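Please consider the structure below with attention to how its parts are arranged and where they meet.

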Amino acid sequence: MRSVLPILTVLGAIVVLWYGATVWLNAQWTYDQAARAGVEVSLPEVVTDTLSQERPVLPAPHQVAGGLWDGLLGQKVTSKRSLVYHGWVTLSATLLGFAIGTGAGILLAVGIVHNRAMDMSVMPWAIASQTIPILAIAPMVIVVLASLGITGLLPKAMISAYLSFFPVVVGMVKGLRSPDHMQLDQMRTYNATRGQMFWKLRLPASMPYLFASLKVSVAASLVGAIVGELPAGASSGLGARLLSGSYYGQTIQIWSALFTAAILAALLVMIIGVLERRTLKRMGMVR
Amino acid sequence: MKDTMVSAATVIEASDLSLTFDTNDGPVHALKDVSLSIAKGEFVSFIGPSGCGKTTFLRCIAALETPTAGTLTVNGMSADAARRARAYGYVFQAAGLYPWRTIAGNVRLPLEIMGFSKSEQAERVEKVLALVDLEGFGKKFPWQLSGGMQQRASIARALAFDADILLMDEPFGALDEIVRDHLNEELLKLWARTEKTIGFVTHSIPEAVYLSTKIVVMSPRPGRITDVIESTLPKERPLDIRDSAEFIAIAHRVREGLRAGHGDEV
């Protein structure tokens, strides 16, 4: 409760700055319109106009809130104008991509920890893969998969997985290697097999690392799914919403979609956080 | 004839054992020509300054290190075969309990790995927890226990599968003196009850003298044995035996051995 006031203060400051920027950035359009019509505008008129333009350079907070409200609650969820509909399209690709990425990440990490050849060879490639801009890869993935007859959810999920596997690999390699020499020696004194060492020691020891990675990776998955919607010219999904908004100068639509994505990401990270606390608590690793 | 007599009672036999580590600064002689035999039921302490190879020797017995020369047999077989036959329990300097397992779960770990049946696991866990005075703590997590209790749990874990040999590498090194005294007393009782052969690495002269039937004094560079002292103290040892003249005489001899091994550095 004590943190509410600081949070509200910061939020208030952001809103005030935002309104200021709205007036400043949109004023040019108001003056241009007035000059064209040959009328003088007073300052209060300028302010009123900048906060209610149809296609502002920067929409005012209440316009974005209105757009969000209308998009999330003002439409039937099956409507093409509903942000719930578009959000679900993106979310489904995100979740599939997250599942693929996490699975691939864990498998790669297990391989890296247990196989020297993989240890030497996979990591540099994984790092290299992340240095390539996803925007450059995405169209190729879409085109190649489309030529194989694969369209729809899967190509987007692949791009999403491409972004999300990396944090999992890095975190899991670190986690699986977290048992120290003494713990490994101890397993040797029991004459434990590599499998037993993995299931009884390495895997449980890696759990805190895994959850830290999953939080990064789920947010990356969402970014991947949105980016995957851009080159395909998709008609649905938050990415499509962003794209069509920018085509037609519908800035309010862009910002509403952006905020939907942000809310979605925050929810996903929160869900992982809850899972983390529950799991670690059940494992006795949280006091 | 005499040879078979000796080997019948001998559990650990090392002759001319050497171990050289190749490091960037050249070879390090961790052990050089170490010969020692340990009979069944003995409590043998290894004492010496850092780098004298006492831990390395214990790790050789446990087949966690491989000697570069000499022979070493444990229970009449090679150290590695003995490890695979689960001939010993090993207690490390840190308790090293898994934070995600309860105390009972930690003690059960080696039993799960060795494939004991569920009912036998439960039975043995209960038995060894009682042996180290931790009845009723099975459901607690390690962080809920003090350092001394954690170390007792780790001893219980090493005892759980009932190996004849118990190897302990400075198990009480990180504990304060009062807890240490108490655990030393407990360890002697446990040794008397279980009749195990114990190899015990320590830095502390009183600890070595109080616990052991045989004290092996070692010295560094290269790691070697400078003196082997057969203790004349009785098997029954109350804590105040440490004030007796006999105890002080043995402690003195250990100190002399340490000093001789150190040359003029002390």
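## Domains and contacts

In chain B, the centres of domain 1 and domain 2, taken over C-alpha atoms, are separated by 25 Å; the domain bounds come from an automatic or database domain assignment. This is a predicted model, in which local features need pLDDT of at least 70, side-chain atom pairs count only at pLDDT 80 or more, and totals for chains, interfaces and linings use all residues. Residues are numbered from 1 along each chain as its sequence is written, while chains are lettered from A and ligands numbered from 1 in the order in which they are written.

The assigned domains are listed here.

| Chain | Domain 1 | Domain 2 | Distance between C-alpha centres |
|---|---|---|---|
| Chain B | residues 2-87 + 165-262 | residues 95-162 | 25 Å |
| Chain A | residues 4-57 | residues 83-282 | 39 Å |

Within chain B, 10 residues of domain 1 are in contact with 10 residues of domain 2, two residues being in contact if their C-beta atoms, placed from the backbone, lie within 7 Å. Helix H7 (residues 177-194) of chain B gives the most to the domain 1 side, with four residues; helices (H or I, at least four residues) are DSSP runs, numbered from the N terminus. That side of domain 1 of chain B has eight nonpolar, no polar and two charged residues. Here Ala, Val, Leu, Ile, Met, Phe, Trp, Tyr, Cys and Pro count as nonpolar, Asp, Glu, Lys and Arg as charged, and the others, Gly among them, as polar.

Between the chains, the contact takes 16 residues from chain A and 19 residues from chain B. On the chain A side, helix H8 (181-189) and helix H9 (194-229) each supply at least two residues, and H8(A) gives the most, with six residues. By class, the side of chain A that touches chain B has six nonpolar, six polar and four charged residues.
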